[in-house]
Amino acid sequence: MNLPNFIEAKKREKRDYKTVSYEIDESIKGKYAGKKYFLKTYGCQMNEHDSENIEAMLVDLGFSKVDDYLDCDLCILNTCSIRENAHNKAFGMLGRLKHLKNEKKDLIIGLCGCMAQEESVVEEIMRDYKFVNFVFGTHNLDRLPEILDVAVESNKQQIEVLEKESDLVEGIPVLRTNSYKAYVNIIYGCDKFCTYCIVPYTRGSERSRKKEDILKEVRELVNDGYKEVTLLGQNVNAYGKDLYDDYTLGDLLEEIALMNIPRIRFMTSHPWDFTDKMIEVIGKYPNIMPSVHLPVQSGSSRVLKLMGRRYTRESYLELFDKIKKIVPGVSISTDIIVGFPGETEEDFNETLSLCEYCKYDNAFTFIFSERKGTPACKLKDNTTIKEKEERLYKLNEVVNKYFLENNKKLEGSVLKVLVEGNSSKSNMYYGYSETNKLINFTSNKDITIGDIVDVKIVSAKTWSLDGELVE
Ligand code: SAH
Ligand code: SF4
Ligand code: F3S
């Protein structure tokens, strides 16, 4: 049995990571034919993409998918640890699964993702959730088929979580959610250790995939007719630093832009490490979408220092202005935490004033959530939860005002939209603009999902725009 350990996970010694190929024991392929799986994914795009790998491995074993957990023979929870809320949701689901297992004795239950990397969670599962059949972590996703099979055959709880990242595994099968936009991992892990954040512990140290492997994957997607790729990492700007002397995200973006793919996105870009070369490349190539997610977290340099973000309010704004200037029509979105330990009313007002200046196109706002084992837990916190909720409310009022104001400016314009679906009303479609705005639009003719079409914007809402197809 392998258990996670935060102290070990924290040690960052530089070592060369090998790239190895995915392998599956041929004898278990198709073994579970006729059985049904239900997979629940919590958290970020990285987890969503891991789930695309998990689904492909399950299909290889013979499983087929069901959309209602009550109908499944196997249920896997791909969990997230980022805030207490995500954590509670997964445990709530485990509670429901316990009931189901009372009725369905053969039900197999697995848990993976970031919570599986937390020692306290694994201890709790071993102690109080003995009905969970297996647990595996973020560093050994590729081991799922074998771990699952051993759990079924032995009928004993299997826990296999590595506290440290192992080699980088290429060639894990993937079952993509759709046929026109795709996620591509470029870098795993995070070495930034922001004081509130659990990710560096649950996802391990920064490891870039080799550029050849990334370019090959994107080339295949282009050949398969994909319209959009999103390059993924907790810190895409750190791409290449651990592997190359002189090859960065700017270079990678440029090589991908020269392939015949209509839309390239990337996330998340930490303001630290956002180079001039990157900005220049984003501005230069029309198929790199003018949409940047630039999490600020706080508008107060004092709080940013406590958070360990390694930039100040001033240097963030300098970067923000530079991106706005060099990338025409760029939309910028952000993440903000209110109620970080020690945040005063004055600090919070600085966050508000920064938002008044930046007029973000989108913002994800959160109340600070204490994560066990992170340095921010030790900081003194005098702000009550009520005050924190009031701050969140005030902040949302400010950011929402600008979402609407920015959207209003688009009324009357024609935007390119990648069509993602149609709603129950047959002539209504939706999709995203180049700047990542949700567009609902009408069309008198049938449109193929995955096409890029011109839409005239008729009216603006806070979180979406309404329009009509330009024929
Ligand atoms: N790597 C990205 C962020 C990934 S986590 C970056 O640094 O930009 C997504 C967001 O969750 C963060 O930007 C932060 O706003 C929020 N978050 C992370 N830890 C949190 C915590 N302990 N409490 C509340 N929000 C948190
Ligand atoms: Fe967390 Fe900071 Fe890393 Fe983002 S950069 S994942 S917030 S530690
Ligand atoms: Fe959550 Fe892990 Fe992503 S903690 S946000 S699933 S990296």
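# A guided tour from helix α8 to strand β19

Begin at helix α8, whose buried residues are covered by elements that include α7, β12 (228–232), β13 (263–267) and α9 (276–284). The model on the screen is a predicted one. Select residues 249–257 to display α8 itself; seven of its nine residues are buried, and the helix is thus described as mostly covered. The buried ones to colour are Leu-249, Gly-250, Leu-252, Leu-253, Glu-254, Ile-256 and Ala-257.

**The end of β13**

Next, select Met-267 and Thr-268. The peptide bond that runs from Met-267 to Thr-268 is cis, and its omega is near 0°. Thr-268 belongs to the loop between β13 and α9.

**The domains**

Now colour the chain by domain. Into which domains is the protein chain divided? They are domain 1 (17–160), domain 2 (178–289) and domain 3 (414–469). Between the C-alpha centres of domain 1 and domain 2 there is a distance of 27 Å. Contact between these two involves 17 residues of domain 1 and 16 residues of domain 2.

**The second largest pocket**

Select Val-169, Glu-170, Gly-171, Ile-172 and Tyr-188, the residues nearest the centre of the second largest pocket, which has 30 lining residues. Two or more of the lining residues come from each of α2 (45–61), β8 (168–170) and α7 (211–223). Which element gives the largest share of this lining? It is α7, with five residues. The volume of the second largest pocket is about 710 Å³. Its lining holds 14 charged residues, together with eight nonpolar and eight polar ones. Domain 1 and domain 2 each contribute at least three residues to the lining of this pocket.

**The largest cavity**

Move on to Met-46, Asp-50, Asn-185, Ile-187, Tyr-188, Gly-189 and Arg-203, which line the largest cavity. Rolling a probe the size of a water molecule over the atoms shows where empty space is left. The largest cavity contains about 40 Å³ of space. At least two of its lining residues come from α2, and at least two from β10 (187–188). Sorted by class, the lining of the largest cavity comprises three nonpolar, two polar and two charged residues.

**Two ligands**

Display ligand 3 and the residues around it: Cys-44, Asn-47, Cys-80, Ser-81, Ile-82, Cys-114, Arg-203 and Gln-234. Arg-203 is also one of the residues that line the largest cavity. The shell around ligand 3 consists of four nonpolar, three polar and one charged residues.

Then turn to ligand 2. Among the residues that surround it are Cys-190, Cys-194, Cys-197, His-270 and Arg-309, and Gln-234 appears here too. Of the residues in the shell around ligand 2, seven are nonpolar, three polar and two charged.

**His-139**

Select His-139, in the loop between β6 (134–136) and α5 (144–154). Is His-139 buried or exposed? It counts as buried, because its relative accessibility is 7%, which is under the 20% cut-off. Leaving out residues up to four places away in sequence, the residues that His-139 touches include Gln-117, Leu-162, Glu-163, Thr-202, Arg-203 and Arg-207.

**Gln-297 and Asn-396**

Go next to Gln-297, in the loop between β14 (291–293) and α10 (301–307). The phi of Gln-297 is near 75°, a positive value in a residue other than glycine. With a relative accessible area of 8%, Gln-297 is buried.

Further along the chain, select Asn-396 in helix α13 (residues 385–408). Asn-396 is partly exposed, its relative accessible area being 24%. Select Thr-365 as well: Asn-396 and Thr-365 stand 31 residues apart along the chain, and their C-alpha atoms are separated by 7.3 Å.

**Around strand β19**

The last stop begins at Asn-436, in the loop between β18 (428–433) and β19. Asn-436 has a phi near 70°, a positive value in a residue other than glycine. Its relative accessibility is 40%, and Asn-436 therefore counts as partly exposed.

Finally, select Asn-440 within strand β19 (residues 438–442). Asn-440 is partly exposed, with a relative accessible area of 22%. Apart from neighbours within four places in sequence, which residues are in contact with Asn-440? They are Met-428, Tyr-429, Tyr-430, Ser-464, Leu-465, Asp-466 and Gly-467. To end the tour, place a distance marker between the C-alpha atoms of Asn-440 and Phe-91: the two residues are 349 residues apart in sequence and 35 Å apart in space.

Key:
Residues numbered from 1 in each chain as written. Chains lettered and ligands numbered in written order. Predicted model: local features only at pLDDT ≥ 70, side-chain atom pairs only at ≥ 80, totals over all residues. Heavy atoms only, no water. Near = heavy atom within 4 Å. Nonpolar A, V, L, I, M, F, W, Y, C, P; charged D, E, K, R; others polar. 1 Å grid on protein atoms, 1.4 Å probe; cavity = no way out; pocket = protein on both sides within 12 Å on 5 of 7 lines; lining within 4 Å. Points joined across faces, edges and corners; volume = space filled by probe spheres on them. Helix = DSSP H or I, 4+ residues; strand = E, 2+ residues; numbered from the N terminus. Domains from an automatic or database assignment. Buried < 20%, exposed > 50% of the residue type's maximum accessible area, 1.4 Å probe, protein only. Contact = heavy atoms within 4.5 Å.
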